[in-house]
Amino acid sequence: MENSENQRPFSPRIPGWPRTVGGVEVENPLWLAPLAGITFGSFRRFHRMLGAGLVHTEMVSALGLKYKGRKTKELLHGGEGEEPCVLQLFGANAEDIARGAEIALEIKSFAALEVNMACPMPKVTKKGSGSKLMENPQEAAEMMRLLKAFGLPVWAKVRIMPPNAAERTADFCERLFSGGADFIFVHGRTPTQRYEGTASREAVAEVARLYPGRIGGSGDCYRPEDFSCYLEMGCAAVLAARGVLRDAFLVPRTLKLMGAEVPEEFCDPSPEAQTKILLELGGSIYNTEGGPLALTIARRMLGALFKGFAGASQLRRAGAMTKSWPEMEELLRNWRKIDFSEAAQNEDM
C-alpha cells in the first residue's frame, strides 16, 4: 500500500497562480479549514496531496501550550508534505496567545499565525475565547500586535456581526488590520447562529470589497460552484471545511472547474481508486496518530468516498460496523469478494 505521507501535492496550475496571499505564497486559493478532531497531520497531508493550496492545524489552545499539555502539543505534529501550514490558536488574552505561539514555534515551524475569533461553541466562548473576542476588540487587536513580533504573517478568523452590534464587521476587521493583521477570514454567520441557517456570502463580500486581497471567505462550501462564488465576489481565498467530509474530492473538483489539470482519479474516481484513497489515508493515520483515530476518521470518510458504484451503500454499512482499523483495512482490501445481492446493488446504480 502506498502511504500518502510520502506523496507530494500534484501542484495544480490555475491561471494567475501561484500568488502571495496574506504574506504566504500559495499555489491556489482553496484552503483546508481548521477542523477540531480532523485536521491533524495525516489529514493535512492528505488534502495537500489532493491539491489544497494551504492547510490549517486544528484549533490549538494557547493555555494548553502554556501549561505544557501533552495532548495540546500533539495537535502540532505534522511532517513533510503539508506545507504551507498555518497554526490556529485560541485564547482569551493577548499574552496567552503570544506565549502559546512562542511555545508552538519551538516545536514546529508554520507559514503564518492565526487567532480563532469565530468559534461560537460555549466551551470556548465562556472563557472569553473564540467569537467572544468580537465583543472585546481592543484585546483582539492586541493579539495581532503581539504576534507580529514573531516575524510571521498574522491572520485571524472572525464571524459577521449581528445586525444590532455596536460596530460593523468591517469596523472590527479594521481594528485587526490596524493591530497588524495581514489576512482575515470572515465566516458568513453571526456567533449566535453557530452553524445553523445559511452563511451570508453577501456579508462576507461586503468586507472583501473594502479590503481587496486581504479577506478570505468561509461558510457553506459544499459544491465547486460555492467556492467560485466567494472568489467571484472578491474573496482572495476560500476555506474548505465540512464540505470535504461530505465529498473527499471537493477540492480537486473545484480546481478542475477553475481550469486546473487534475488527475482523473481525483475527479471521477473508480471504486478501486476510492478504496485506495481511504486505505492510504487510514494507513497514514494508523502509522502516525494510532489505530483508534484511524478507525474514527475512516468511518467518517465512508460517506465522503464510497459513492456512485454498485455495492457502495453496502460497503459503507459494513465499514461502519468494523471495530478496529485492521478490520476496516481487511474489509477495504477484500470488499469485491463480498456477496452483495442484486437488489442491494441497484440502490447505487
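**A parallel sheet and its helical packing**

Strands E6 and E7 are paired in the parallel sense, with 5 bridges between them. The model described here is predicted. Within this pairing, Val 115 stands opposite Ala 156 in E7. The two strands serve as the starting point for a path through the sheet and then to the helices.

E7 continues the sheet through a further parallel pairing, with strand E8 (residues 183-187), again over 5 bridges. Here Val 158 has Val 186 in E8 as its bridge partner. On the other pairing of E6, strand E5 (residues 85-90) joins E6 in the parallel sense over 4 bridges. In that pairing Leu 87 stands opposite Leu 113 in E6, and the bridge partner of Val 86 is Ala 112 in E6.

These pairings belong to an open sheet of 8 strands, ordered E3-E10-E9-E8-E7-E6-E5-E4, in which the pairing is parallel. Strand E3 (30-32) and strand E4 (55-61) stand at the edges; each has a single partner strand, so one side of each lacks a neighbour in the sheet. On average, neighbouring strands of this sheet are turned by 25 degrees against each other, direction ignored.

The burial of E6 and E7 can be followed face by face. In a regular strand, side chains alternate between the two faces of the sheet. Strand E6 (residues 112-117) is mostly covered, with 6 of its 6 residues buried. One side carries Ala 112, Glu 114 and Asn 116, the other Leu 113, Val 115 and Met 117, and all of these are buried, so that both faces of E6 are covered. Strand E7 (residues 154-159) is largely enclosed by the rest of the structure, because 6 of its 6 residues are buried. Both of its faces are covered as well: Val 154, Ala 156 and Val 158 are buried on one side, and Trp 155, Lys 157 and Arg 159 are buried on the other.

Two helices can be placed against these strands. Helix H4 (residues 94-107) lies across E5 and E6 and runs at about 145 degrees to E5. Helix H6 (residues 137-147) packs on the sheet, where it touches E6 and E7, and its direction makes about 170 degrees with that of E6.

H4 and H6 also pack against each other. Two packed helices are described by the angle between their axes and the distance between the axes. For H4 and H6 the angle is about 30 degrees and the axes are 8 Å apart, which means that H4 is roughly parallel to H6. The crossing in which H4 passes H6 is right-handed. H4 contributes Ala 94, Glu 95, Ile 97, Ala 98 and Ala 101 to the contact, while H6 contributes Glu 139, Glu 142, Met 143, Leu 146 and Leu 147. By class, this contact of H4 with H6 has 7 nonpolar, no polar and 3 charged residues.

A further helix pair is formed by H1 (residues 41-49) and H13 (residues 271-288), whose axes come within 9 Å and cross at roughly 150 degrees. H1 is therefore roughly antiparallel to H13. Their crossing is right-handed. From H1, the residues Ser 42, Phe 43, Arg 45, Phe 46 and Met 49 meet Ile 277, Glu 280, Leu 281, Ser 284, Ile 285 and Thr 288 of H13. The residues of this contact of H1 with H13 divide into 6 nonpolar, 3 polar and 2 charged.

Terms used
Residues numbered from 1 in each chain as written. Predicted model: local features only at pLDDT ≥ 70, side-chain atom pairs only at ≥ 80, totals over all residues. Heavy atoms only, no water. Axes fitted to C-alpha atoms, helices over the stretch in contact; angles between N-to-C directions. Parallel < 35°, antiparallel > 145°, perpendicular 65-115°, else oblique. Left-handed = near helix turned anticlockwise from the far one by under 90°. Contact = heavy atoms within 4.5 Å. Nonpolar A, V, L, I, M, F, W, Y, C, P; charged D, E, K, R; others polar. Buried < 20%, exposed > 50% of the residue type's maximum accessible area, 1.4 Å probe, protein only. Pairing = 2+ DSSP bridges.
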